[in-house]
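This report describes the overall build of a single chain, two backbone positions and one helix pair. The structure is shown first.

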Amino acid sequence: MPLVLRVDVDKPYGNSNFFNAVRSKLSENYWYPDWVLFNRNYLSQLARFIQHCNNEKISGHFYFRMCTIPNQHITQLMQEGGHKAGVHLENTRDFSTFKSEYDNVAKHCTIELSSITKHGSGKLKLGKHHYPPYEPDKYRKWADEIGVDFRFGNELCTSSEDFIGNKNFYPKIFWIEPDYRDESFSSLEELIESAKNNLVPVLIHPSNYDSTKNVKEDFMKLIALARKNDIDWVL
Ligand SMILES: [Zn+2]
């Protein structure tokens, strides 16, 4: 059985230093696409991450927010790697706020959008446009209504049994960022064992891959372990 890669593109300028973190936060709250899409450093951390995936021949599902809409360079890299794109939802208060956000992202994207995920843990409010509750039943209904997939849930996996029966929806996910994993299920070796019998979803944020040494190291380790154990990456 394979691994499935989910990539949440949360930060327009990453978080590798104070300046970039502040810049990302401002853009998240006061979205201004007209000049941002032409900025040289915009999504540069994502470009490095996609290059890495493309070199390793791994395709994934990438989720974009209003503040991280893919520019031409990112779109080209996504197409070269055969990746899929979707919308990372913030304002999920009701169908109309969801639809208006989805349409806004779609309007500025030149890449096809095929699915949705929800931003945040379900508790903290993460910015001006963010509606914190995590309500998967609502998103499933809305996804059906507009004809896209809702495949990845936001719950954290706590044991290898969490992946049993995964087919069209993966409620629980394994974080490639070591600091966000559940203590009871945090080893990459155990994860690979699970992937021998189940479809296993893993999540990474390009800004953390770019700014945090152990995130990039664990991504590389997971790729190596998958290769060694003949585990494929699928879409
Ligand atoms: Zn997010």
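Leu43 is found in the loop that links helix 2 (33–36) with helix 3 (44–56). The model is a predicted one. Although Leu43 is not a glycine, its phi is positive, at about 60°. Most residues other than glycine have a negative phi. Leu43 has 27 C-beta neighbours inside 10 Å and therefore counts as buried, the threshold being 20 or more.

A second residue with a positive phi is Lys57, again about 60° and again not a glycine. Lys57 sits in the loop between helix 3 and strand 2 (61–64). Its surroundings hold 10 C-beta neighbours inside 10 Å, so Lys57 counts as exposed, for which the limit is 12 or fewer. The table sets out both positions.

| Residue | Phi | Loop | C-beta neighbours inside 10 Å | Class |
|---|---|---|---|---|
| Leu43 | positive, about 60° | between helix 2 and helix 3 | 27 | buried |
| Lys57 | positive, about 60° | between helix 3 and strand 2 | 10 | exposed |

**Overall build**

The chain contains nine helices and eight strands. Its radius of gyration is 17 Å, close to the 18 Å given by the globule rule for 235 residues, so the chain is as compact as a globular protein of that length. Taken along the principal axes, the box filled by the C-alpha atoms is roughly 45 × 35 × 30 Å. Among the 235 residues, 38% count as buried. Of the contacts in the chain with a separation of 6 or more, 73% are between residues 24 or more positions apart.

**Helix 7 and helix 9**

Two packed helices are described by the angle between their axes and the distance between the axes. For helix 7 (residues 188–195) and helix 9 (residues 213–228), the axes come within 10 Å and cross at roughly 40°. Such an angle lies outside the ranges for roughly parallel (under 35 degrees) and roughly perpendicular (65 to 115), and the two helices are therefore oblique to each other. The crossing of helix 7 past helix 9 is right-handed. On the side of helix 7, the contact is made by Leu188, Glu189 and Ile192, while helix 9 contributes Asp218, Lys221, Leu222, Leu225 and Ala226. By class, the contact residues comprise five nonpolar and three charged, with no polar residue.

Key. Residues numbered from 1 in each chain as written. Predicted model: local features only at pLDDT ≥ 70, side-chain atom pairs only at ≥ 80, totals over all residues. Axes fitted to C-alpha atoms, helices over the stretch in contact; angles between N-to-C directions. Helix = DSSP H or I, 4+ residues; strand = E, 2+ residues; numbered from the N terminus. Parallel < 35°, antiparallel > 145°, perpendicular 65-115°, else oblique. Left-handed = near helix turned anticlockwise from the far one by under 90°. Contact = placed C-beta atoms within 7 Å. Nonpolar A, V, L, I, M, F, W, Y, C, P; charged D, E, K, R; others polar. Rg over C-alpha atoms; globule rule 2.2 N^0.38 Å.
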